[in-house]
Amino acid sequence: MKVLFVTTEMDDFVRVGGLAAVSAALPRALRPWSDVRIMLPGYRDVVEQFTHIEIVGQCAPLAEMPACSLGRASTRDGLPIYVLLCPQLYDRPGNPYGDEQGRDWPDNDVRFARFASAAAELALGTLDKNWAADLVHANDWQAALAPAYLAWKNARIPSILTIHNLAYQGLFPRESLRRIGAPESSFHIDGLEFYDKMSFLKGGLVYASHLTTVSATYAKEITTPELGCGLEGLLRRRSEASELTGILNGIDESWDPRACAQLAQQFAPGDWEGKQANADYVRKQFGLALSRGPIFGLVARLVHQKGIDLVLSAADEIIEAGGQIVVTGSGEPAIEQALVDAHRRRPDAIGVVIGFNDGQARRIFAGSDFTLMPSRFEPCGLSQMYAQRFGSLPIGHQTGGLAETIKDGETGFLFSQPSAESFLGGVRRAFDAFKAKDRLDSMRRSAMARSFSWDLSAACYNALYRKALSL
Ligand SMILES: Nc1ncnc2c1ncn2[C@@H]1O[C@H](COP(=O)(O)OP(=O)(O)O[C@H]2O[C@H](CO)[C@@H](O)[C@H](O)[C@H]2O)[C@@H](O)[C@H]1O
């Protein structure tokens, strides 16, 4: 079975959020079953990391989308990667989606439509004479038009679209339709149109043969007006036709505190002195006061979704009760600034490093007692799984994947509403557990014993692929 996995982030080369971790781990977990190949845009960060890229094909210009070439390379462990080379679109500073100031690139419609249409061509066998795909697996709005381009070419290749976050839809003005060579006839309510704009995500929601999202709970939630982002009607129809499946993400094996080389000290369940060494390190690194109280960690993209405002409004109570807070991540400038201000107000108790560094994140999970995840919604969430493996008990809102991966009172704490009061309820329960050392010990052991292995998820995707191919 030949699968083209189309994504715009991958931990090996470039990451903005959780999609990058999934794109690095899931294709690897699928390798025993299929010939999975990844397709990425040729961003500067991707191209620079390969010593050799073999050019395998050329893509002709289409509407306002420039010609480009397709390169083939592979990761050190032999995973084939196709890279779409078009310096004019992808060789830029900044992150995959915007400039160094965080503003979206104005030509993102062309950048990602070019990517998606090239993916469709590659799948059809017109770009690499030695390879065509049996199935296309596209991820999020950036790749969501791949199923649409397949449909517009009347191709019969089945496609799967995974929604990692419905809140990002890739909305562009109607004129984009012409720029990306989409048929005029696709601009209607059952096609790409979304309130008079063009929605890339909707292209995938409409044209993909099957939809998945990253937890069963979120798969239900997105069929409701509360979390359906205006697309609930379409999603409900696809769900009722059994064409929307929730498959929980896993995490990779490097999340093992006994072996993780990036920690201040490795530790096993029960070795709380080892865990304490990481707490000491974090306190020192973040310039916090010496303390015997709990550390609350927060590792997240700093966006509205993640409920950082709830953490800020609870900060005084956490500190008064003897806790300290450490935060790392990057995202919206206003949220970054609010965190920096909170740190300036209480540098002894609130540590903040804006930016993202994987080692730093791991040391926070290892050094903290609790991990804060008051997300307003959370399709799956990875931080709460990383946290449990590292003995940091997550305090999460009972939504999406958090509701499925945190065992309330056993491996972490769930609270019911995305409000400051409800969140504080979870925090207070955490303080109680911290004082009851036997309880803390057994909760940490239960959390660390969980595996969150990719194997189960990969088996579900494999079954879905086979069903889509009627194998
Ligand atoms: N700039 C940055 N700042 C902070 N952390 C960064 C980061 N870049 C990468 N990360 C990493 O990404 C992790 C966060 O991933 P999540 O899955 O929790 O959320 P995200 O919203 O990015 O992903 C979306 O996609 C994933 C994957 O399907 C879903 O789990 C999730 O619910 C959905 O919102 C952090 O633990 C960290 O390791």
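**Exercise 1.** In which loop is R15 found? Determine also how exposed R15 is and which residues it contacts.

*Solution.* The structure is a predicted model.

Step 1. R15 is found in the loop between strand 1 (2-6) and helix 1. The unreviewed UniProt entry lists R15 under "binding site".

Step 2. Count the neighbours of R15: 19 other C-beta atoms lie within 10 Å. A buried residue requires 20 or more, and an exposed residue has 12 or fewer. R15 is therefore partly exposed.

Step 3. When neighbours within four places in sequence are left aside, R15 is in contact with E9 and A20.

**Exercise 2.** Describe how the chain is divided into domains and characterise the side of domain 1 that touches domain 2.

*Solution.*

Step 1. Domain 1 comprises 2-250 + 455-468, and domain 2 comprises 272-450. Their C-alpha centres lie 32 Å apart.

Step 2. In the contact between the two domains, 17 residues of domain 1 meet 11 residues of domain 2.

Step 3. On the side of domain 1 that touches domain 2, helix 1 (18-30) and helix 9 (216-221) are the elements that give two or more residues. Helix 9 supplies the largest share, four residues.

Step 4. Sorted by class, this side of domain 1 has seven nonpolar, nine polar and one charged residues.

**Exercise 3.** Compare the expected span of helix 17 with the distance between its end C-alpha atoms, and explain why its buried residues line one face.

*Solution.*

Step 1. Helix 17 (residues 420-435) has 16 residues. The expected span is 1.5 Å times one less than the number of residues, so helix 17 should span 22 Å. The end C-alpha atoms of helix 17 are 23 Å apart, which agrees.

Step 2. The buried residues of helix 17 are F423, G426, V427, A430 and A433. Seen down the helix axis, these residues fall within an arc of 115°, and therefore they line one face of helix 17.

Step 3. E421, D432 and K435 are exposed on the other side of helix 17.

Step 4. The cover over the buried residues of helix 17 includes helix 12 (308-320) and helix 18 (437-448), together with strand 16 (370-373), strand 17 (393-397) and strand 18 (413-415).

**Exercise 4.** What are the helix and strand contents of the chain over residues 292-432?

*Solution.*

Step 1. The unreviewed UniProt entry lists residues 292-432 for "domain: Glycosyl transferase family".

Step 2. Over residues 292-432, the chain is 44% helix and 20% strand.

Step 3. The end C-alpha atoms of residues 292-432 are 14 Å apart.

Terms used:
Residues are numbered from 1 along each chain as its sequence is written. This is a predicted model: local features need pLDDT of at least 70, side-chain atom pairs count only at pLDDT 80 or more; totals for chains, interfaces and linings use all residues. Domain bounds come from an automatic or database domain assignment. Two residues are in contact if their C-beta atoms, placed from the backbone, lie within 7 Å. Ala, Val, Leu, Ile, Met, Phe, Trp, Tyr, Cys and Pro count as nonpolar, Asp, Glu, Lys and Arg as charged, and the others, Gly among them, as polar. UniProt positions are given in the numbering used here, feature names are shortened, and annotations may be inferred rather than shown by experiment. The arc is that of the directions from the helix axis to the C-beta atoms.
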